[in-house]
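Reader: I would like to study a protein structure by means of questions and answers. May we look at the sequence and the structure together?

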Amino acid sequence: MFRIVNKKELNSAVTLLEIEAPFVAKKAKAGQFIIFRVDEFSERVPLTIADYDREKGTVTIIFQKVGLSTKLLAAKEVGDSIRDFVGPLGVATEYDGFKKVAVVGGGVGCAIAYPQAKALHELGVEVDVIAGFRNKDIVILEEEMSAVSDNYYLMTDDGTKGEKGFVTDKLKSLIEAGNQYDAVIAIGPIPMMKFVSLTTKPYGIKTIVSLNPIMIDGTGMCGGCRVTVGGEIKFACVDGPDFDGHQVDFDELMNRNSVYKKEEADLAEKHICRMDKMAHDLIH
Amino acid sequence: MANMSLEKIRMPEQAPDVRNKNFEEVALGYTKEMAMEEATRCLNCKHKPCVSGCPVNVRIPEFIAEIAKGDFMAAYKILTSTNALPAVCGRVCPQESQCESKCVRGIKGEPVAIGRLERFVADWYMANCDEMPEKPVQNGKKVAVIGSGPSSLTCASDLAKAGYAVTVFEAFHTAGGVLVYGIPEFRLPKAIVQKEIDKLAAMGVEVMTNMVIGKVLSIDEIIEDMGFDAVFIGTGAGLPSFMNIPGEALVGVYSANEYLTRINLMKAYLPDYDTPLRKSKAVAVVGGGNVAMDAARCAKRMGAEKVYIVYRRSEKEMPARLEEVHHAKEEGIEFHLLRNPVKILDDGKGQVCGIECLKMELGEPDASGRRSPVPIEGSNYVIDVDTVVMSIGTSPNPLIRSTTQGLEANRKGCLVVNEETNQTTREGVYAGGDAVTGAATVILAMGAGKKAAAAIDEYLKNK
C-alpha cells in the first residue's frame, strides 16, 4: 500500500498528490511515468511523474479527473493509501547537447512539462516555457514554471489571462524573432502535440513529444500502448513515452485512444456505486 | 490385480454449451472412487518409463500405488517431494507429450491418466488438510528471485526448504506470472495459484509486487546494495510479436497477452472490476498454440457469437494441447486451417471490420523435417470480424539484459546459461524457464527452476 502525504487541488479538475513510494522516488527521472491502481477492483492507469523527493521518498503526480479511476484517486485524502504504485517506467528524456530549449505545455500537460523545465534549468540550459490553457480558471503551476524558466509565456485561448492565442502562435513568433532552439519539448493533448510538431518541422527544430496511449502493464508485455513512429511499431511504455514529434502518427494514436469511449461512459454509472461504497466504508 | 481397461476413467466436465458462457473450471476432477479405480490401471513397471518423461521426475508409480491403497496423504507427500505445484501441473501440463507419452499402457489403449491423478491428490490435500508448511531453519543466506511465474516459484520453494531467505520480485501487482495473467480461470482457478503462493509465504518467502527489475532496481544493486548472495532470473518470455501486416494498429487488434491480461489478471469478465474490454461480435484469433486456444475460448465466454482460429499450418502441426483443441471445438470455436492473414481491414472509422487471409498448402519438409506452409496465389478471402487477437508467439523482455552488464543473450534474446547449472554468464546469477528457452511449457520452466535451485545451493555452500 502507498500512503498519500500531501494533496492540493490545483483547479476544479486537476489534483496534485504526493505519495510515499521510496523505491520509485530513488530512481525517478524527468520523462518517466508510474502506473497506479486505486483498489482491488481498479484498472492500472499510467501517469507521468510530476516531481519527486529522494530524501523523503515521495513522488508527486498531477492529474485531471476524466474518468472513474482518476475520480477515485482524487477522492483519496492525506493519510489514505492506494493499492499499487509502480515505477519509474519508460525511458527518461535525454538532454544531451542542449543549450536552449522551448518547453511547451498544454493544460494538465503542464504538470509533465514542469519536471522537464526544472531538470533542464538545473542542468544550466536556457529554458523558455510556453504554457497554454483554455481560460484563466484552469491555469496551473504558474509560479513553479516561472521559477525554473528564463522566459515564461502564459497563453489562454480566450485571453482571460496572459496573452490571447494558442501555444503554437507563441512558439512560431519566438522562432521567427530569432530564438535558436536546440529542441522543443511539447507535452499536452494529442492535437496540441501534433500542431507543435507541424509548427517546428519547417524550421527543422528537433521536437520531443511525450505520448499518452492506453496502457495496461507498462513493462512491454502486451503492446496495448503501441504507436507508429517513423513507420515502425513502438511500445510507448518501454521505447518511450518520448518520441520524435516529426515521426509520430498522431491520427492513429488519437484513433487508438478512443477505443473504450463507450465502456468508459458505462463506467460513469458504476462510479456512483463505488463512491457510495467508499463513503459507506469510511462511516463503518 | 491391475485393471486392464484400455481406456482412462473419464473425467466429468461441464457441458460444452453451458461452460462456453461461464469462466468456471471446465474439467471437474476425479472423485475418490474414480481416482482409486484409475490408479489400479498402473502396472507399477520396474523401469518406470513415465518418470523419465516428467521434467521434474515425479515418482509416478509410487504415488499412484498409494492412491490405489486409498492413502492420499502418502501420495501427496511423494508427489510434493519433487513437484512444488502439483495442482497446477495436473491441470496444465501437456501430459500426452510428457509422462503419459512414455506409459506402457499407452502402447495398446490409453495411457494411465497421470495428470488427472496428480490433480486429484493435490485437490484432495487442499480440501482436506491444507495445513501450511513450517518455516525451515534459516542458514543466513539471501537469494533474490526475479519474476514469480512457475520457474521462479519452484526455485523459491526449493531454496526456502533448504533454509535460504528468499525474496521474490514481481513487476505486476499479483504474483504468479502466466499462471495468473495468461492461463484462464476455466483451465486453472486462480485460488489454487494463490494457495501455492501462500504456502511459499508460510515458508518465509517474501513476495514484493510492483517491482520492475531493470527499472526500480538493477541486478547489480540487488547484489551489491541489498546484499543478496545469489540471483535467479525467471522473467519469462512476455514480449508479444506482431505480424507487421497492414491494419495492425486499428482499434480492435489485440496481442493475446493484452487480451488475456485484461480478462484474467484485471478480471474484465467480472462485473465489479473496472478494466474494460471491447464487446466483440466476431473474433479472429491468429495462431495455433495454447495461448491462441485460451484467447479464443475467452472470446466466446465474453459473448462473441463467432470465434475463429486462423492458423497457417494444418491441425497436425498445431502446438496446442490436444485436449485444448478438442475443448475449443466442442465450445463452438471454428478453425480456419492452412490460412495466413495478409491484411486487417478498416471499416473507415479506424476500427477492424475484417481479416483478409490467403489459403496455404504444405510444402516439402524442410531441413528440420517440418513442412512449411506455402501460399496459394490469388486465394485471398475475407472473414468478417470486429476483433483480431494476435497469438503468434512471444520472446523474452529485454529489460533486464539491457540494464545488466555481462549478461549474455542469444540472437533471440534468450539468456545464455550453462546447461548443467543454469548459471548465466555472470557468476552467482542464474536463470531458467522461458527467459532462457523462449516460450515453452509450465513444467519445463519448473524443471529449470528446480535445477537452478540445486545449483545455487551448491554454489553458496562452497562460497
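**Questions on the two chains**

Author: P88(A) lies in strand β8 of chain A. The model under discussion is a predicted one.

Reader: What kind of peptide bond joins G87(A) and P88(A), and what is omega there?

Author: Most peptide bonds are trans, and most residues other than glycine have a negative phi. The bond between G87(A) and P88(A) is cis instead. Its omega is about -5°.

Reader: Where is P241(A) placed, and what is omega for the peptide bond from G240(A) to P241(A)?

Author: P241(A) is found in the loop between α7 (236-239) and β17 of chain A. The peptide bond that leads from G240(A) to P241(A) is cis. For this bond omega is near 10°.

Reader: In which loop does L141(A) lie, and what is the phi of L141(A)?

Author: The loop that holds L141(A) runs between β10 (126-133) and α4 (142-147) of chain A. L141(A) is a residue other than glycine, yet its phi is positive. The value is near 60°.

Reader: How many residues does each chain give to the contact, and which residues of chain A lose the most area to chain B?

Author: Chain A supplies 43 residues to the contact and chain B supplies 42 residues. Between them the two chains bury about 3,600 Å², of which 56% is on carbon and sulfur atoms. On the side of chain A, 18% of what is buried comes from three residues together, those that lose the most area to chain B: F23(A), M221(A) and Y260(A).

Reader: How many salt bridges are counted between chain A and chain B, and which side chains meet in a salt bridge there?

Author: Side chains of opposite charge can pair when their charged atoms come close. The count between chain A and chain B is 1 salt bridge. At 2.7 Å from N to O, the side chains that meet in a salt bridge are those of K27(A) and E221(B).

Reader: How many residue pairs are in polar contact across the interface, and which element gives the largest share of the side of chain A that touches chain B?

Author: The interface of chain A and chain B has 16 residue pairs in polar contact. Elements that give two or more residues to this side of chain A include α1 (22-27), α2 (68-74) and α9 (261-283). By class, the side of chain A that touches chain B has 19 nonpolar, 10 polar and 14 charged residues. The largest share, 6 residues, comes from β8(A).

Reader: What is the order of the strands in the open sheet of 7 strands, and which are its edge strands?

Author: Strands of a sheet pair through backbone hydrogen bonds, either parallel or antiparallel. In chain A, the open sheet of 7 strands shows mixed pairing, in the order β12-β11-β10-β9-β13-β14-β17. A strand that pairs on one side only is an edge strand, and in chain A these are β12 (163-164) and β17 (242-244).

Reader: In which sense do β9 and β13 of chain A pair, and which residue is the bridge partner of G105(A)?

Author: Strand β9 (residues 100-106) and strand β13 (residues 183-187) of chain A are joined over 5 bridges, in the parallel sense. Within β13(A), the bridge partner of G105(A) is I187(A).

Reader: How many residues lie between β1(A) and β2(A) in their hairpin, and which residue stands opposite K8(A)?

Author: β1(A) and strand β2 (residues 14-20) of chain A run antiparallel and are joined by 5 bridges. They form a hairpin, and the residues between them number 4. In β2(A), the residue that stands opposite K8(A) is L16(A).

Reader: With which residue does E18(A) form a salt bridge, and how far apart in sequence are the parts that the pair ties together?

Author: The whole structure contains 42 salt bridges over all chains. E18(A) forms one with K56(A), and their closest N and O atoms are 2.8 Å apart. E18(A) lies in strand β2 of chain A and K56(A) in the loop between β5 (51-53) and β6 (58-64) of chain A, so the parts tied together are apart in sequence by 38 residues.

Reader: Which residues of chain B does UniProt list for "domain: Dihydroprymidine dehydrogenase", and how much of the span is helix?

Author: The UniProt record, an unreviewed entry, lists residues 19-127 of chain B under this name. The end C-alpha atoms of residues 19-127 of chain B are 23 Å apart. Strand makes up 0% of the span, and helix makes up 49%.

Definitions and conventions. Residues are numbered from 1 along each chain as its sequence is written. Chains are lettered from A and ligands numbered from 1 in the order in which they are written. This is a predicted model: local features need pLDDT of at least 70, side-chain atom pairs count only at pLDDT 80 or more; totals for chains, interfaces and linings use all residues. Side-chain values use heavy atoms; hydrogens and water are left out. Contact means heavy atoms within 4.5 Å. Buried area is the accessible area (1.4 Å probe) that two parts lose on being put together, summed over both. A salt bridge is a side-chain nitrogen of Lys or Arg within 4 Å of a carboxyl oxygen of Asp or Glu. A polar contact is a pair of N or O atoms within 3.5 Å; within protein, one must be able to donate a hydrogen and the other to accept it, and residues adjacent in sequence count only if both atoms are side-chain atoms. Ala, Val, Leu, Ile, Met, Phe, Trp, Tyr, Cys and Pro count as nonpolar, Asp, Glu, Lys and Arg as charged, and the others, Gly among them, as polar. Two strands pair if DSSP finds at least two bridges between them. UniProt positions are given in the numbering used here, feature names are shortened, and annotations may be inferred rather than shown by experiment.
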